[in-house]
Amino acid sequence: QVQLVESGGGLVQPGGSLRLSCAASGTFVMINSMAWYRQAPGKERELVADIASGDSTNYADSVKGRFTISRDNAKNTVNLQMNSLKPEDTAVYYCNALVRTSWFRSAYGFWGQGTQVTVPS
């Protein structure tokens with residue numbers, strides 16, 4: 001089994017910064033892509049940013065230039081540096097990883113439990 005544990009959420013004033021971290025643990029042979037999603041109240045979960053095993057990145061238009069995703073393959077972690085935070089960034093942020101638990105199996109998506117980010121208006 002694979003576990004993803006997020007940390008770093010909290011309350012921050014508009015214009016402030018937060019850094020989210022996610023650590024993967026368990027039994028696996030490879031982590032393909034890692035990503036951060038978010039879900040605001042009453043809205044669908046949306047992709048914030050993802051990063052492939054080769055470190056290519058992709059961002060939602062709403063966070064480009066403000067958020068930076070990075071990963072440490074040796075530590076099986078992914079981070080999200082969030083700057084210039086806005087009230088509309090308020091959401092539960094979820095870590096996601098596409099993980100191969102065996103060389104004989106395709107990659108499967110795992111989710112963390114989520115961490116709350118609140119930016120008051």
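**Exercise 1. Strand pairing in the open sheet**

In which sense do strand 1 and strand 3 pair, and over how many bridges? Determine this in the predicted model, and then place both strands in their sheet.

*Solution.*

Step 1. Strand 1 and strand 3 pair in the antiparallel sense, and six bridges join them. Within this pairing, Val2 stands opposite Gly26 of strand 3.

Step 2. The sheet is an open one of four strands, in the order 1-3-8-7, and its pairing is antiparallel. Strand 1 and strand 7 stand at the edges with a single partner strand each, so one side of each has no neighbour in the sheet. On average, neighbouring strands of this sheet are turned by 15° against each other, direction ignored.

Step 3. At the other end of the order, strand 7 and strand 8 run antiparallel and are joined by six bridges. Here Asp72 stands opposite Thr77 in strand 8.

Step 4. The two faces of strand 1 can now be separated. Val2, Leu4 and Glu6 form the covered face, whereas Gln3, Val5 and Ser7 form the uncovered one.

**Exercise 2. The surroundings of Ser25**

Establish where Ser25 lies, how far it is exposed, and which residues it touches.

*Solution.*

Step 1. Ser25 belongs to strand 3.

Step 2. The relative accessible area of Ser25 is 34%. A residue is buried under 20% and exposed over 50%, so Ser25 counts as partly exposed.

Step 3. Leaving aside residues up to four places away in sequence, Ser25 touches Gln1, Val2 and Gln3. Of these contacts, Val2 and Gln3 also appear in the description of strand 1, Val2 on its covered face and Gln3 on its uncovered face.

Step 4. A distance in space may be set beside a distance in sequence: Ser25 and Lys75 are 50 residues apart in sequence, and their C-alpha atoms are 9.4 Å apart.

**Exercise 3. The largest nonpolar core**

Identify the residues that touch the most other members of the largest nonpolar core, and the elements that contribute to this core.

*Solution.*

Step 1. The core has 32 residues, and those touching the most other members are Trp36, Leu80, Met82 and Tyr93.

Step 2. Two or more residues come from each of strands 1, 3, 4, 5, 7, 8 and 9. Strand 9 (91–100) gives the most, with five residues.

Step 3. Leu80 serves as an example. Residues up to four places away in sequence being excluded, its contacts include Leu18, Leu20, Trp36, Val48, Phe67, Ile69 and Tyr93. Arg19 and Thr68 are also among the residues that Leu80 touches.

Step 4. A general tendency gives the context: in soluble globular proteins, nonpolar side chains tend to be buried together.

**Exercise 4. The disulfide**

Which cysteines form the disulfide, and which parts of the chain does the pair tie together?

*Solution.*

Step 1. A search of the whole structure finds one disulfide. Its partners are Cys22 and Cys95, with sulfur atoms 2.1 Å apart.

Step 2. The angle about the S-S bond is -80°, and the link is left-handed.

Step 3. Cys22 lies in strand 3 and Cys95 in strand 9, so the pair ties together parts that are 73 residues apart in sequence.

Step 4. Cys22 and Cys95 are both buried.

**Exercise 5. Salt bridges**

How many salt bridges does a search of the whole structure find? Trace the network that includes Asp89.

*Solution.*

Step 1. The search finds four salt bridges. As a general principle, side chains of opposite charge can pair when their charged atoms come close.

Step 2. One of them joins Asp89 to Arg38, with the closest N and O atoms 2.9 Å apart. Asp89 lies in the loop between strand 8 and strand 9 and Arg38 in strand 4, so this pair ties together parts 51 residues apart in sequence.

Step 3. Asp89 also meets Arg66 in a salt bridge, at 2.8 Å from N to O. Arg66 lies in the loop between strand 6 and strand 7, so this second pair ties together parts 23 residues apart in sequence.

Step 4. Through shared partners, salt bridges join Arg38, Glu46, Arg66 and Asp89 into one network.

Step 5. The relative accessibility is 0% for Asp89, 5% for Arg38 and 10% for Arg66. Because buried means under 20%, Asp89 counts as buried, as do Arg38 and Arg66.

Step 6. Asp61 and Lys64 form a further salt bridge, at 3.1 Å from N to O. In this case Asp61 and Lys64 are exposed.

Terms used:
Residues are numbered from 1 along each chain as its sequence is written. This is a predicted model: local features need pLDDT of at least 70, side-chain atom pairs count only at pLDDT 80 or more; totals for chains, interfaces and linings use all residues. Side-chain values use heavy atoms; hydrogens and water are left out. A nonpolar core is a set of buried Ala, Val, Leu, Ile, Met, Phe, Trp, Tyr and Cys residues joined through side-chain atoms within 4.5 Å. Buried means under 20% relative accessible area, exposed over 50%, partly exposed in between (1.4 Å probe, protein chains only). Contact means heavy atoms within 4.5 Å. Two strands pair if DSSP finds at least two bridges between them. A salt bridge is a side-chain nitrogen of Lys or Arg within 4 Å of a carboxyl oxygen of Asp or Glu. Axes are lines fitted to C-alpha atoms, for helices over the stretch in contact, and angles run from 0 to 180 degrees between N-to-C directions. A disulfide is a pair of cysteine sulfur atoms within 2.5 Å.
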